[in-house]
Amino acid sequence: MKALVYLGPHRKSLEDRPKPVITAPTDAIVKVTRTTICGTDLHILKGDVPTCTSGRILGHEGVGIVDAVGAAVTAFKAGDRVLISCVSACGKCVNCRRQMYSHCSTGGWILGNSIDGTQAEFVRIPHADMSLYPIPAGADEEALVMLSDILPTALECGVLNGRVQPGCTVAIVGSGPIGLAALLTAQFYSPAEIIMIDLDEGRLAVAKRFGATATINSRDGKAADAVMKRTAGLGVDTAIEAVGVPATFELCQQIVAAGGTIANIGVHGVKVDLHLEQLWDRNISLTTRLVDTVSTPMLLKTLCSQKLDPKPLITHRFKLDHILDAYETFAHAAETRALKVLIEA
Ligand SMILES: NC(=O)c1ccc[n+]([C@@H]2O[C@H](COP(=O)([O-])OP(=O)(O)OC[C@H]3O[C@@H](n4cnc5c(N)ncnc54)[C@H](O)[C@@H]3O)[C@@H](O)[C@H]2O)c1
Ligand SMILES: [Zn+2]
Ligand SMILES: [Zn+2]
């Protein structure tokens with residue numbers, strides 16, 4: 001089968017690989033019909049993720065058709081159409097029993113990281129009963145690919161951890177796929193204000209179309225002043241960090257209101273300062289989280305009932321044969337205006 005293989009920092013290729021086989025009774029083999037590329041795949045290609053080693057097939061998002069199941073899989077059978085979760089969960093270990101699937105002792109985010117992933121014709125899914133979801137009849141399978149990772153991540157790490165409530169004010173720093181997914185899911189809770197902040201005017205224009213009440217380009221270094229002006233000097237109840245660099249976490253600390261919450265989503269590769277000398281008396285909360293995908297069943301329902309429409313996040317489509325072009329397009333988003341690139345088998 002064809003597969004996109006990581007060959008160490010800055011190197012990847014489309015190769016012929018053997019089709020995966022069932023290695024544990026709880027496994028399923030899924031024929032991947034649609035997958036996508038995540039910002040995290042670009043982190044891997046920079047060499048930022050040491051658990052992902054040379055020879056690994058990348059990808060942790062997608063939908064497909066079950067090809068075969070192990071003897072212990074009871075929820076799925078060959079031929080079932082399924083959504084693949086970016087997080088694998090045994091459902092039985094201490095952390096799974098707390099619904100903290102991201103820290104499953106034999107799972108978590110392993111797909112396209114420490115085991116082969118979805119950017120291939122077939123993928124082996126461990127703990128299949130807990131890590132796949134049946135696709136409801138009539139659901140749009142392109143839109144569903146957005147439910148493998150970015151929507152649960154934005155909802156759980158940003159909106160829920162950030163305690164977004166009716167009438168509150170929210171700022172989302174970063175208007176990439178994750179920030180935009182936070183913008184979409186924050187609207188479940190009817191906040192009065194959602195301010196989107198980014199350096200890229202193109203992405204801010206998308207944010208306006210997705211329901212932002214205001215957009216701020218932080219290129220001039222005055223984003224904190226602009227947020228304060230817009231919130232009568234109070235700051236925002238929820239500041240969501242959706243970039244993963246020191247400057248954006250600093251900005252969240254400058255704009256959080258007294259009693260507010262900073263919800264970090266971004267993957268941080270370098271040291272970031274926490275300004276307790278300014279925040280110690282501000283009654284704020286700070287949260288961090290790796291996506292657990294506990295919200296996936298709820299997101300599936302909202303998608304099917306059209307309360308959520310993630311399809312406009314898809315900007316480009318490629319065949320698996322052209323996945324190297326897809327990577328080029330996705331890696332140069334400022335020029336190509338790419339958000340999510342869909343890869344079809
Ligand atoms: N916590 C989790 O479980 C989890 C899961 C998935 C992704 N992530 C992380 O979420 C982050 C966002 O993901 P994405 O796919 O949207 O990334 P992305 O790189 O596509 O988007 C980031 C956006 O931030 C903007 N930006 C960069 N520097 C900025 C600055 N100084 N000020 C304002 N805006 C700035 C960019 O223009 C871009 O639009 C990444 O760090 C990713 O690794 C975390
Ligand atoms: Zn991802
Ligand atoms: Zn577990």
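Here are two short exercises, with worked solutions, on a predicted model.

**Exercise 1. Helix 5 and helix 6**

Work out how helix 5 and helix 6 are arranged relative to each other, and which residues make their contact.

*Solution*

Step 1. Find the two helices: helix 5 covers residues 150-160, and helix 6 covers residues 177-186.

Step 2. Look at the geometry. The two helices pack at an angle of about 70 degrees, and their axes are 8 Å apart. Angles of 65 to 115 degrees count as roughly perpendicular, so helix 5 and helix 6 are roughly perpendicular to each other.

Step 3. Add the handedness: helix 5 and helix 6 cross in a right-handed way.

Step 4. List the contact residues. Helix 5 contributes Ile150, Leu151, Thr153, Ala154, Leu155 and Val159. From helix 6 come Pro177, Ile178, Ala181, Ala182, Thr185 and Ala186.

Step 5. Sort the contact by class: 10 residues are nonpolar, two are polar and none is charged.

**Exercise 2. Looking for disulfides**

Decide how many disulfides the model has, and check Cys86 and Cys157.

*Solution*

Step 1. Recall the idea: a disulfide is a covalent bond between the sulfur atoms of two cysteines. The cut-off here is a pair of cysteine sulfur atoms within 2.5 Å.

Step 2. Try Cys86. The closest cysteine sulfur belongs to Cys38 and lies 8.0 Å from the sulfur of Cys86, so this is too far for a bond.

Step 3. Try Cys157. Its nearest cysteine sulfur is that of Cys86, 9.3 Å away, and Cys157 is in no disulfide.

Step 4. Give the count: zero disulfides.

Step 5. Are these two cysteines buried or exposed? Cys86 has 3% relative accessibility, so Cys86 counts as buried. Cys157, at 1%, also counts as buried.

Definitions and conventions. Residues numbered from 1 in each chain as written. Chains lettered and ligands numbered in written order. Predicted model: local features only at pLDDT ≥ 70, side-chain atom pairs only at ≥ 80, totals over all residues. Heavy atoms only, no water. Axes fitted to C-alpha atoms, helices over the stretch in contact; angles between N-to-C directions. Helix = DSSP H or I, 4+ residues; strand = E, 2+ residues; numbered from the N terminus. Parallel < 35°, antiparallel > 145°, perpendicular 65-115°, else oblique. Left-handed = near helix turned anticlockwise from the far one by under 90°. Contact = heavy atoms within 4.5 Å. Nonpolar A, V, L, I, M, F, W, Y, C, P; charged D, E, K, R; others polar. Buried < 20%, exposed > 50% of the residue type's maximum accessible area, 1.4 Å probe, protein only.
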